[in-house]
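Here's a quick tour of a protein chain, from its overall fold down to a couple of backbone angles. Have a look at the model first.

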Amino acid sequence: MSAPTEAGGSIPPAEGGIEPHTLLIDRIGLLVTNDPAVGDGPLGLLRDAAVVIEGERIAWVGPAEQAPASDGRIDASGRCVMPGFVDSHTHLVFAGDRAEEFAARMRGEPYAAGGIRITVTATRAASDSLLTRNAARLAAEALAAGTTTLEVKSGYGLTVRDEERSLRVAATVAEETTFLGAHVVPPEYAGRADAYAELVAGPMLDACAPYARWADVFCEAGAFDADATRHILTAAAAKGLGTRVHANQLGPGPGVQLAVEVNAASADHCTYLSAHDFEALSGSSTVATLLPGAEFSTRSPYPDARRLLDAGVTVALASDCNPGSSYTTNLPFCIALAVREMGMTCEEAVWAATAGGAKALRRTDIGALTTGMRADLLVLDAPSYLHLAYRPGVPMISTIVRRGRTEGRRGGE
Ligand code: NIG
Ligand code: FE
């Protein structure tokens, strides 16, 4: 497979397109393993390292001079190698865009989640093929920016049929899919929010569960209240789905506490948190997933990542890519925002966009580069991961390996 470059062109596969059985990446100047038992600090850093990939997995990690012989080789030429990004929160199945709404916000209009309904109208009117092409274009864009694992939600269909087909489309581009029938109450249910929640927790969930690993609810004033959120998530869990919550994005509310109550894998946004919310998250296994692209694009205050981290909460960074509140697939951009605006160190932000995303998806096979993990990695066009935040807006990835296969290479040596 060829991945598009940031410039939209096509990158040829490595070594003539024939993937070797074992692949050595050597002359790595700085390797981010994300395993403190393997290297220095929380990122488990190794210098002058090499990695051997066998099939889809990492077979060996260690000092470059001890690397075993392999069938193929990538010369990292002293650059940094790190795990691929794990984007645990996106909404890639939709039609149209809302650029005018963004422009109005930049002129001072507030963000209103009601804009979701505009995308719902466009999405319902779109063919399966258009939705699939749009989602594939965005997934390719994410991959070119280093995202090797994607989560994609439904949520712009809001009928049984449109939610089900949104999830079918999501499954063509993402390995993690999430049922978000409870995104907003659609216009045909205006004034009948309870009836819509019954539809979501009943027939819509029945139709969508086969195509989703997760269920999510937008728990917010103007969307779904605590009772409806609990009802829908409990029904989803009974069907075997994992749970996640859009929580405390636009104002204080019950979302975070509810996420912890139902042992959700993740509470996402966490922009407006009370002391109780920090406390609840810190004693839980629910990850706080922060989405700074949304605060950037809605001109909202950024979440207090520093306080979450200091309270011992596990933090993930994700893009929230959607046409309303955050139309970016670029996790390096989110890392730069988290470092510049949210008090995260470069190391915390890199961890949050890789290992943190894996934890938010309760995955143990991705997000780190140690023996046995899936071989999802990036060769940066830089000597250090610091350059992701230090050189904002600049494409920093020279080679992408996903499931052991070279997906894209940029430029020459
Ligand atoms: O995560 N908050 C709910 N959903 C999206 C926004 C969707 C939209 O505005 O279209 C979010 O930010
Ligand atoms: Fe979202």
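Among contacts in the protein chain between residues at least 6 apart in sequence, 69% link residues at least 24 apart; a contact here is two residues whose C-beta atoms, placed from the backbone, lie within 7 Å. Keep in mind that this is a predicted model: local features need pLDDT of at least 70, side-chain atom pairs count only at pLDDT 80 or more, and totals for chains, interfaces and linings use all residues. Residues are numbered from 1 along each chain as its sequence is written, while chains are lettered from A and ligands numbered from 1 in the order in which they are written.

The protein chain has 14 helices and 16 strands (DSSP runs numbered from the N terminus: H or I with at least four residues for helices, E with at least two for strands). Its radius of gyration is 21 Å, close to the 22 Å from the globule rule for 413 residues, so the chain is as compact as a globular protein of that length. That radius is taken over C-alpha atoms, and the rule is 2.2 Å times the number of residues to the power 0.38. Along its principal axes, the C-alpha trace spans about 70 × 45 × 45 Å.

As for burial, 56% of the 413 residues count as buried. The cut-offs, using C-beta atoms placed from the backbone: 20 or more others within 10 Å is buried, 12 or fewer is exposed, and in between is partly exposed.

Now for two non-glycine residues with positive phi:

| Residue | Phi | Location | C-beta neighbours within 10 Å |
|---|---|---|---|
| R27 | near 55° | strand β1 (residues 22-32) | 18, partly exposed |
| N34 | about 65° | loop between β1 and β2 (45-54) | 23, buried |
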